[in-house]
Amino acid sequence: MLVDVACCSLQEDSQEAFEKSLDLVNQAWKSGVTHLLMTKRYEGEFSQTEKAMQRISRFQEQLDRRGISVVVFPGQILKIEEPFEGELDFENLLYMDLNNRYLLVELSEDVTAEGLQPFLFACLNQEILPVLVGVEKNKALMENSEWLYN
């Protein structure tokens, strides 16, 4: 089974982007997809999380009206920059699951193992498992993926 959890994003509030997203989901549905995690990059504010949830709800209503039998879930991609400094408000993030355990994470192009360790430590202390997306964009990871396991 092939799973692409960041396959469709609601980018902006424009009607054109909204229609494009509807078309993409319709194509996915015709290919047999029944559930999608709709993602947007986390901007660091709770209002963004609430806004994403409202947009997904409106999007689901449009899918239902058009007879597109796909269930969409709100999600966010948390981008990690180096060096990772500061606190994360783990309570106000959108996770991949209802138990708030799996978190979509994108590494900036130049994050190294040393730069990622504080973030991973913070996640593990909260029993959160980061799920990496867009790993092909990270230079250090592409050169040596072994550092993820150390």
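Which residue in strand 4 is the bridge partner of Tyr-102? Keep that one in mind while we get our bearings. What you're looking at is a predicted model, and its chain has four helices and four strands. Walk along from the N terminus and the elements come in the order α-β-α-β-β-α-β-α.

Back to the opening puzzle: the partner of Tyr-102 is Leu-129, over in strand 4. That bridge belongs to a bigger pattern, since strand 3 and strand 4 pair in the parallel sense over five bridges. To get from strand 3 to strand 4, the chain passes through helix 3, and this β-α-β crossover is right-handed.

Now let's look inside. The largest nonpolar core has 16 residues. Ile-80, Leu-103, Leu-107, Leu-116 and Phe-119 are the ones with the most contacts inside this core. Three elements each give two or more residues to it: strand 2 (71-80), strand 3 (102-107) and helix 3 (113-125). Helix 3 is the top contributor, with four residues. So that you can see another core too, look apart from this one: it has 11 residues, including Leu-36, Phe-59, Val-70 and Val-72. Pick out Leu-103 next and check who sits around it. Skipping residues up to four places away in sequence, Leu-103 touches Leu-78, Leu-93, Leu-94, Tyr-95, Ile-128, Leu-129, Pro-130 and Val-131. Leu-129 turns up here again, the residue that partners Tyr-102.

How does the chain look as a whole? Residues 24 or more positions apart account for 75% of the contacts with a separation of 6 or more. Buried residues make up 36% of the 150 residues in the chain. On the outside, the chain exposes about 9500 Å², and carbon and sulfur atoms supply 49% of that area.

Time for some charges. Side chains of opposite charge can pair when their charged atoms come close. How many salt bridges does the structure hold? The count is two. In one of them, Glu-19 teams up with Arg-66, and the closest N and O atoms are 3.4 Å apart. This pair ties together distant parts of the chain, 47 residues apart: Glu-19 is in helix 1 (residues 15-30), while Arg-66 is in the loop between helix 2 (46-65) and strand 2. Glu-19 counts as partly exposed because its relative accessibility is 28%. Arg-66 counts as partly exposed as well, at 42%.

Lys-137 and Glu-106 also meet in a salt bridge, at 3.7 Å from N to O. Here too, distant parts of the chain are linked, this time 31 residues apart. Lys-137 is in the loop between strand 4 (129-133) and helix 4 (139-143), and Glu-106 is in strand 3. Is Glu-106 buried or exposed? With a relative accessible area of 6%, Glu-106 is buried, whereas Lys-137 is partly exposed at 45%.

Let's finish with the backbone. Most residues other than glycine have a negative phi. Asn-100 has a positive one, near 55°. You'll find Asn-100 in the loop between strand 2 and strand 3, and it is partly exposed, with a relative accessible area of 40%. Glu-127 isn't a glycine either, yet its phi is positive at about 60°. Look for Glu-127 in the loop between helix 3 and strand 4, where this residue is exposed because its relative accessible area, 61%, is over the 50% cut-off.

How values were computed:
Residues numbered from 1 in each chain as written. Predicted model: local features only at pLDDT ≥ 70, side-chain atom pairs only at ≥ 80, totals over all residues. Heavy atoms only, no water. Core = buried A, V, L, I, M, F, W, Y, C linked by side-chain atoms within 4.5 Å. Buried < 20%, exposed > 50% of the residue type's maximum accessible area, 1.4 Å probe, protein only. Contact = heavy atoms within 4.5 Å. Areas by Shrake-Rupley, 256 points an atom, 1.4 Å probe, with all protein chains shown as cover. Salt bridge = Lys/Arg side-chain N within 4 Å of Asp/Glu carboxyl O. Pairing = 2+ DSSP bridges. Right-handed = clockwise from strand over helix to strand, strands pointing away.
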